[in-house]
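Hi,

Here is the structure I promised to pass on. Have a look at it first, and then read my notes below.

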Amino acid sequence: MNKVIGIIGGGPAGMSSALWLKYLGFSPIIIEKKQQLGGLQQVSHFQNLWYLGLLGQTGYEIAEQFRQHIEAEHLSTLLGSHLQGITKTGDNFRIFTEENEITAQGLVIATGQRVKGYEAIESIEGSHQLLSSQQVCFDPGATPLLTSHVNEQVVAVVGGGDNGLVTAIRLADKAKHIHLFIRSQMRGFEVNQKAIYELIQAGKITLHQPAIIHRFELLAEKKINIVFTDEKNQEEKLVFDYLCFRIGFAPNVEEIVRVFQEGGVGSIQLSQRGHILTDQFLRTSISQVYAAGDVANPRDPCVATAVAQGAVAARSMEEDLRCESCFR
């Protein structure tokens, strides 16, 4: 076919899609706004025990292996490239970055998700003080405590999903004590919830659930005070040495929605939580546009589903474009 396909995003889904598209006879081009491929795996030093064939490798290491594969296949990549616009004329998309203009016959959106950071807590009194503290961490893959000596530190972890639970579990054997704050329900895998309750029984973790945080205060000696209400709606205050936020992820859709609307490509349909809606073959509401990976809200967002969806999107595109050619 030798048709050019633009892939927006260079995480596992985008790289997988590019590889499959190459061997299906296309010329894929990965457009990545960061200076390296890998997506969220670039900020994860956790060992990934779930990905078949790469036993115990960290997110960094997996991302590097994927990057090397892309390089060995001589796949085109535009790193550090920000989308300026996308238009469509007939069957062709025109993609504009700061330095490049690409004509493509199809698009794969693989922009992934981002870690929710300060914006998720900015309405809480005193939260602005946390921005200047080195004792506060929002990034689930960049917790200095995991690699430092913290036996005398009391740590607060905020978040009831798997990132929050796993962080609390991993720090439990390092820190003096862990306080886990969960606003409503614990949402992690059963195996992680079980481990949390075992550590609670062992006296290594104190669970505050449900807990509503009302105020943060930076104290002397780099201490952090948290004011919250507990399950009895009583106000409590606790002081910590370190604070880890693990409050989830948000899909990276704002930029693609904007450029589609401004360029007259169309309005891409989103779910109530902001993920791109697709059919079972990862087609979006716009013809010749597909979405893969975390931005499309897979059942279990992870490296494995991202790689799989990248392949499905490529295969769907090949089938659709081949069928279109047959009727011309």
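**Notes on the model**

Let me start with a histidine: His179 sits in strand β11, which covers residues 177-181. Keep in mind throughout that this is a predicted model. With a relative accessible area of 12%, His179 is buried. If you set aside residues up to four places away in sequence, His179 touches Val154, Val155, Ala156 and Val157, and also Thr206, His208, Leu238 and Phe240.

**The whole chain**

Now a step back to the protein as a whole. Its secondary structure comes to six helices and 18 strands. The radius of gyration is 22 Å, close to the 20 Å that the globule rule gives for 328 residues, so the protein is as compact as a globular protein of that length. If you want box dimensions, the C-alpha trace spans about 70 × 40 × 35 Å along its principal axes.

Of the 328 residues, 49% are buried. Taking contacts between residues at least 6 apart in sequence, 59% of them join residues at least 24 apart. The exposed surface of the protein is about 16,300 Å², and carbon and sulfur atoms supply 50% of that. As for charge, there are 29 positive and 35 negative side chains, and the centres of these two sets lie 2 Å apart.

**Cysteines**

I also checked for disulfides, and a search of the whole structure finds zero. As a reminder, a disulfide is a covalent bond between the sulfur atoms of two cysteines. So what about Cys137, and how far is its sulfur from the closest cysteine sulfur? That closest sulfur belongs to Cys244 and is 5.6 Å away, which is too far for a bond, because a disulfide needs the two sulfur atoms within 2.5 Å. Seen from the other end, the closest cysteine sulfur to that of Cys244 is the one in Cys137. Both residues are out of the way of solvent by the accessibility numbers: Cys137 counts as buried at 6% relative accessibility, and Cys244 is buried with a relative accessible area of 0%.

**Around Ile29**

Towards the start of the chain, have a look at strand β2, residues 27-32, where you will find Ile29. Is Ile29 buried or exposed? Its relative accessible area is 17%, so Ile29 is buried, given that the cut-off for buried is under 20%. Leaving aside neighbours within four places in sequence, Ile29 is in contact with Val4, Ile5, Gly6 and Ile7, as well as with Ser76, Leu78 and Ile102. Ala18 is eleven residues from Ile29 in sequence, and their C-alpha atoms are 7.2 Å apart in space.

**Backbone oddities**

Some backbone angles deserve a look too. Most residues other than glycine have a negative phi, and most peptide bonds are trans. Which way does the peptide bond from Gln209 to Pro210 go, cis or trans? That bond is cis, with omega near -10°. Pro210 lies in the loop between β12 (205-208) and β13 (212-218).

Then there is Gln288, a residue other than glycine whose phi is positive, near 70°. Gln288 belongs to the loop between α5 and β18 and counts as buried at 7% relative accessibility. Asn297 is not a glycine either, yet it has a positive phi of about 55°. You will find Asn297 in the loop between β18 and α6 (303-326). At 40% relative accessibility, Asn297 counts as partly exposed.

**Asp279 and Glu190**

Back to the loop between α5 (254-262) and β18 (289-291), which also holds Asp279. At 31% relative accessibility, Asp279 counts as partly exposed. The C-alpha atoms of Asp279 and Tyr290 are separated by 9.5 Å, and the two residues are eleven apart along the chain.

Glu190 is in helix α4, residues 190-201. With a relative accessible area of 69%, Glu190 is exposed. How far is Glu190 from Asp279, C-alpha to C-alpha? The separation is 29 Å, with their positions 89 residues apart along the chain.

That is what I have for now.

Cheers

Methods
Residues are numbered from 1 along each chain as its sequence is written. This is a predicted model: local features need pLDDT of at least 70, side-chain atom pairs count only at pLDDT 80 or more; totals for chains, interfaces and linings use all residues. Side-chain values use heavy atoms; hydrogens and water are left out. Helices (H or I, at least four residues) and strands (E, at least two) are DSSP runs, numbered from the N terminus. The radius of gyration is taken over C-alpha atoms; the globule rule is 2.2 Å times the number of residues to the power 0.38. Buried means under 20% relative accessible area, exposed over 50%, partly exposed in between (1.4 Å probe, protein chains only). Contact means heavy atoms within 4.5 Å. Accessible areas come from the Shrake-Rupley method with a 1.4 Å probe; for residues, only the protein chains shown count as cover. Lys and Arg count as positive and Asp and Glu as negative; His and the chain ends are not counted. The place of a charge is taken as NZ of Lys, CZ of Arg, CG of Asp or CD of Glu.
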